[in-house]
Amino acid sequence: MTLAAAASAFIGASTSPADTLPTHRIPGALVAEAASETVAVCSRQGYTETAVVLDADGATSATLRGESAGIHTLDSARDKAHQRIV
């Protein structure tokens with residue numbers, strides 16, 4: 001029992017706010033706007049594209065496929081987005 005208490009005290013003490021890095025999150029409405037505007041700009045330029053927005057951890061926050069964009073654009077947009085954060 002004493003070992004468990006000591007371990008939990010050690011774990012709790014090792015994670016202080018000074019030891020962590022702050023992360024900034026984009027609000028959902030702004031993520032949706034970014035994806036929508038990207039697809040709209042591409043469409044005005046004659047491209048049929050899919051937009052993928054990732055969060056700071058590399059997880060997909062939004063995906064928006066343009067009206068005439070092929071199904072293959074989902075994978076290529078996700079792959080391009082991941083290449084940008086590496």
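Which residues make up the largest nonpolar core? I started there, keeping in mind that this is a predicted model.

**Entry: the core**

I found six residues in the largest nonpolar core: Val-31, Ala-35, Val-39, Ala-51, Val-53 and Ala-62. H2 and E1 each put in at least two of them. H2 gives the largest share, three residues. I then picked Ala-62 and listed what it touches, skipping anything up to four places away in sequence. The list reads Val-31, Ala-35, Ala-51, Val-52 and Val-53.

**Entry: strand E1**

Next I looked at E1, which runs over 50–54. Is E1 largely enclosed or open? Five of its five residues are buried, so the rest of the structure largely encloses E1. I checked the two faces separately. Thr-50, Val-52 and Leu-54 lie on one side, Ala-51 and Val-53 lie on the other, and all of these are buried. Both faces of E1 are therefore covered, each residue falling under the 20% cut-off for buried.

**Entry: E1 with E2**

I followed E1 to its partner, E2 (60–65). How do E1 and E2 pair, parallel or antiparallel? They pair in the antiparallel sense, over five bridges. At one point along the pair I noted Thr-50 opposite Arg-65 of E2. The two strands make a hairpin, with five residues between them.

**Entry: Gly-58 in the turn**

I stopped at Gly-58, which sits in the loop between E1 and E2. What is the sign of its phi in the turn? I have it down as positive, about 90 degrees. I also looked up the exposure of Gly-58: its relative accessible area is 10%, so it counts as buried, the cut-off being under 20%. For a long-range neighbour I took His-82, 24 residues away from Gly-58 along the chain. The C-alpha atoms of Gly-58 and His-82 are 6.8 Å apart.

**Entry: Glu-49, just ahead of E1**

Last, I went to the loop between helix H2 (28–44) and E1, where Glu-49 is found. Why does Glu-49 count as partly exposed? Its relative accessibility is 31%, and partly exposed covers what falls between the 20% and 50% cut-offs. Leaving out neighbours within four places in sequence, I listed the contacts of Glu-49 as Val-39, Cys-42, Leu-64, Arg-65, Gly-66 and Ala-69. Of these, Val-39 is also one of the core residues in my opening entry, and Arg-65 is the E2 residue opposite Thr-50. I added one C-alpha distance: Glu-49 to Leu-74 is 8.7 Å, with their positions 25 residues apart in sequence counted as separation.

Conventions
Residues numbered from 1 in each chain as written. Predicted model: local features only at pLDDT ≥ 70, side-chain atom pairs only at ≥ 80, totals over all residues. Heavy atoms only, no water. Helix = DSSP H or I, 4+ residues; strand = E, 2+ residues; numbered from the N terminus. Buried < 20%, exposed > 50% of the residue type's maximum accessible area, 1.4 Å probe, protein only. Pairing = 2+ DSSP bridges. Contact = heavy atoms within 4.5 Å. Core = buried A, V, L, I, M, F, W, Y, C linked by side-chain atoms within 4.5 Å.
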